[in-house]
Amino acid sequence: MSVIEIEASGSVQVLTLSWGRVNALDVEALAELTQTVQELGRAGGGALVITGAGRVFSAGVDLNRVVEGGSAYTDQLVPALSAAFEAVFSYPGPTVAAINGAAIAGGCVLACACDWRLASPEAQIGAAEVRVGVAFPVAALEVVRYSCGNRAEEVLLGGRNYRGDDAVLRGLAHRIVPENLLDAAVTEATDLSGIPEAAYRHTKAQLRGPTLQRIRAGAETDREVRGIWGADQTLQGIADYVERLRRR
């Protein structure tokens, strides 16, 4: 079953993440996201808005699947995460994230992979990976580093969630939109799509080229990341973290 809904709004394609209650990322959902974005890029790379169904953008990786699947699953998950983040980050046309609710860990990275990020006032945004006990795939770390600039260490090493002006200050959002978030995102994407296509694509490629080079040179680091994710100690820590969340 498809986990991504696509709807045209004028010249803009709106991609809605729609899987489970909190749009948690698993191997299958990530593969569909990667394929969808790549196909849209090959078909012309028009403007995209990415948002989440319901009241959550994406709560990040489906940790229950990680606990159930163990290292065999995380060996698939880490490259699937990297492929999805790279696909969105390298998409040639304009991309706007409409962060309608929590964008945590992988959800935060996915939003950061977009060119422009609009958020609702209540949306919590943060890269919580270190607090769960897992390392960042190269693509995830580099995307957040690109978006957050000199606040990247605070965001990546602190693992905290931010909202409102605090998220804007750290580069996790560009603007807070109190009402009609999706309409505002479509308006922003429509405006960006009015920029001459060749100029936009070439400028974006120049800006993101060095980051993409580091991502594509990160195979050895990602092997280390897979080892950390699949270690017994890490998996037990994730299981304990999930249990604590259930008790809240």
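**Entry 1: I195**

I looked up I195 and found it in the loop between α8 and α9. The model is a predicted one, and I keep that in mind for every entry. I195 has a relative accessible area of 35%, so I noted it as partly exposed. I then took a C-alpha distance from I195 to R170: the two are 27 Å apart in space, with their positions 25 residues apart in sequence.

**Entry 2: helix α9**

Next I followed α9, which runs over residues 197-216. Where does helix α9 bend? I found the bend at G209, at about 50°, and P210 is a proline that follows within four residues. I listed the buried residues of α9 as Y200, K204, R208, G209, T211, L212 and I215. G209, the residue at the bend, is therefore also on the list of buried ones, for which the cut-off is under 20% relative accessible area. I asked what covers the buried residues of α9. The cover includes α2, strand β5 (95-99), α5 (138-148) and α8 (181-193).

**Entry 3: A97**

From the cover of α9 I picked β5 and looked at A97, which is placed in that strand. A97 has 0% relative accessibility, so it counts as buried. Beyond four places in sequence, A97 touches I50, F57, A111, C114, W116, R117 and L118. I also checked A97 against R216: their C-alpha atoms are separated by 24 Å, and the two residues are 119 residues apart along the chain.

**Entry 4: A113**

I went on to A113, in the loop between α3 and β7 (116-119). Is A113 buried or exposed? Its relative accessible area is 0%, so A113 is buried. With neighbours within four places left aside, A113 is in contact with F85, V88, F89, T95, V143 and R208. R208 I had already written down as a buried residue of α9. The C-alpha atoms of A113 and S82 are separated by 11 Å, and these residues are 31 residues apart along the chain.

**Entry 5: two residues with positive phi**

Most residues other than glycine have a negative phi. I therefore wrote down two exceptions, starting with N23, whose phi is positive at about 50° although N23 is not a glycine. N23 is found in the loop between β2 (12-17) and α1 (27-42). The relative accessible area of N23 is 1%, so N23 is buried. The other is A105, not a glycine either, with a positive phi of about 55°. I located A105 in the loop between β6 (102-104) and α3 (106-112). A105 counts as buried, because its relative accessibility is 14%.

**Entry 6: helices α2 and α11**

I compared helix α2 (residues 63-89) with helix α11 (residues 232-247). Two packed helices are described by the angle between their axes and the distance between the axes. Here the angle is about 170° and the axes are 9 Å apart. α2 is therefore roughly antiparallel to α11. Which residues of α2 and α11 meet? On the α2 side I have L63, N64, V66, V67, G70, S71 and T74; on the α11 side, L235, I238, A239, Y241, V242 and R246. I sorted the residues of this contact into eight nonpolar, four polar and one charged.

**Entry 7: the nonpolar cores**

In soluble globular proteins, nonpolar side chains tend to be buried together. I found that the largest nonpolar core has 66 residues. Which residues have the most contacts inside this core? They are L77, I99, I125, L172 and W229. α2 gives twelve residues to the core, the most of any element. A separate core has 15 residues, and among them are A47, V186, L192 and Y200. Y200 I had met before as a buried residue of α9.

**Entry 8: L77 and I125**

I took two residues of the largest core for a last look. L77 lies in helix α2, and it is buried, with a relative accessible area of 0%. Beyond four places in sequence, L77 is in contact with D26, V27, L30, V61, V66 and W229. W229 is, like L77, listed among those with the most contacts inside the core. L77 and V27 are 5.5 Å apart in space, C-alpha to C-alpha, although 50 residues apart in sequence. For I125, I counted only residues more than four places away in sequence, and noted I99, A103, C108, A119, R160, N161, Y162, A167, L172 and A173 as the ones it touches. Of these, I99 and L172 are also named with I125 as having the most contacts inside the core.

Definitions and conventions:
Residues are numbered from 1 along each chain as its sequence is written. This is a predicted model: local features need pLDDT of at least 70, side-chain atom pairs count only at pLDDT 80 or more; totals for chains, interfaces and linings use all residues. Side-chain values use heavy atoms; hydrogens and water are left out. Axes are lines fitted to C-alpha atoms, for helices over the stretch in contact, and angles run from 0 to 180 degrees between N-to-C directions. Angles under 35 degrees count as roughly parallel, over 145 as roughly antiparallel, 65 to 115 as roughly perpendicular and the rest as oblique. Contact means heavy atoms within 4.5 Å. Ala, Val, Leu, Ile, Met, Phe, Trp, Tyr, Cys and Pro count as nonpolar, Asp, Glu, Lys and Arg as charged, and the others, Gly among them, as polar. A nonpolar core is a set of buried Ala, Val, Leu, Ile, Met, Phe, Trp, Tyr and Cys residues joined through side-chain atoms within 4.5 Å. Buried means under 20% relative accessible area, exposed over 50%, partly exposed in between (1.4 Å probe, protein chains only). The bend at a residue is the angle between axes fitted to the seven residues ending there and the seven starting there.
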